[in-house]
Every structure is written in C-alpha cells, then in structure tokens.
Amino acid sequence: MQTEINWVDLRESARAAMAKAYVPYSKFMVGAAALTEDGRIVSGCNIENASYGLTLCAECSLLSDLFMTGGGRLVAFTCVDGHGNILMPCGRCRQLLFEHSAKGMVLETVSGFKTIDEVIPDAFGPRDLEERK
Ligand code: THU
C-alpha cells in the first residue's frame, strides 16, 4: 500500500503544518498530515494553551481539518517534529486516529511503515460500543 501513497508530499504537508504551530510553552513544534480515502490531504499543527493540559496536539487540528473538508477515513498518516523529522503520535492521538482510520491505514513511524493495528493493538473503538452493550 505504501507504494501507492506519495509519502514525500504527505511529509511536506506535515512540515508546512508544523511551521504554523503555536507552542509558546513547550517550544516543541509538531505537524501532522494524512491522506483520505478520496485523495485529500488534511493536516494540522499543535496549539498550546496557558492552561497546559488543554493543549491540542497536531492530530487534533488534523481531525478538525478532516471534518471541515468533508470527513471520510484516513488511509495514510505522517507526523513531524520541529526539525521535520518523523515523530510518533502520542498514545491519545493513536486512539483519535484509530477512530477515523480506514482498514489497514498506514503510518510512517520512527521504525518504518506500520499499520494502525500495529501502533494501537487491540484498540478499543466504536465496534466495542456496539458489540458489548
Ligand atoms: N504533541 C503533538 O502535537 N502530537 C503528538 O502526538 C505528540 C505531542 C505536542 C503537544 C505539545 O504541544 C508538544 O507536542 C509537547 O508535548
């Protein structure tokens, strides 16, 4: 699947998003980009807050972009730090991504390409809510 995806473009979008990060507290810029099933690239940056715990990760603003541009499922994802190097999404954001992932979604990670199931194994998700009522 990775071969059909333009990872160079996706990484460029993540880097462009990263440049917009609002990080007065951590000074740690993050940018994320994802490809949707219908071929759109959505992206986001982290947006911090004086109440530190309210910080929005780059993945949160990526999901806003996803919904504001038509929704759908994510097939590929990458995330970069302030140097433009690949960064792993935090645990909470893996859960956020899982909710909106297409089957077999691929992530570019610090240890190569991985599927969403590999980065959040046995994830709790919408299906559990249906099947375990
Ligand atoms: N951060 C993200 O934006 N995404 C992640 O997956 C990891 C962490 C941000 C949150 C905070 O603004 C900064 O990185 C330092 O934790």
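## The largest pocket

Let's start with a hollow: the largest pocket has a volume of about 430 Å³. Keep in mind as you look around that this is a predicted model.

Who lines this pocket? The lining is made up of 16 residues, and those nearest the centre of the pocket are F98, S101, D117, P126 and R127. Several elements each give two or more residues to the lining: the helices α3 (91-99), α4 (116-119) and α5 (126-131), plus the strand β4 (101-109). Sorted by class, the lining has 8 charged residues, along with 5 nonpolar and 3 polar ones.

## Around the ligand

Now turn to the ligand. Which residues are around it? Going along the chain, you meet S26, F28, V30, N46, E48, T55, C57, A58, E59, M88, P89 and C90. Sort this shell by class and you get 7 nonpolar residues, 3 polar ones and 2 charged ones.

Some of these neighbours come with distances you can check in the structure. In the side chain of E48, an N or O atom sits 2.5 Å from an oxygen atom of the ligand. The side chain of E59 also has an N or O atom facing a ligand oxygen, this time at 2.9 Å. With C90 it's the backbone that takes part: one of its N or O atoms is 2.8 Å from an oxygen atom of the ligand. How much of the ligand does the protein cover? On its own, the ligand has 380 Å² of accessible area, and the protein covers 78% of that.

## Salt bridges

Side chains of opposite charge can pair when their charged atoms come close. In this model the count of salt bridges comes to 6.

One of them joins E108 and R11, whose side chains meet with 2.9 Å from N to O. Where in the chain do E108 and R11 sit? E108 belongs to strand β4, while R11 is in helix α1 (residues 7-18). The two are 97 residues apart, so this pair links distant parts of the chain.

How values were computed
Residues numbered from 1 in each chain as written. Predicted model: local features only at pLDDT ≥ 70, side-chain atom pairs only at ≥ 80, totals over all residues. Heavy atoms only, no water. Near = heavy atom within 4 Å. Polar contact = N/O pair within 3.5 Å; in protein donor to acceptor, adjacent residues only side chain to side chain. Areas by Shrake-Rupley, 256 points an atom, 1.4 Å probe, with all protein chains shown as cover. Nonpolar A, V, L, I, M, F, W, Y, C, P; charged D, E, K, R; others polar. 1 Å grid on protein atoms, 1.4 Å probe; cavity = no way out; pocket = protein on both sides within 12 Å on 5 of 7 lines; lining within 4 Å. Points joined across faces, edges and corners; volume = space filled by probe spheres on them. Helix = DSSP H or I, 4+ residues; strand = E, 2+ residues; numbered from the N terminus. Salt bridge = Lys/Arg side-chain N within 4 Å of Asp/Glu carboxyl O.
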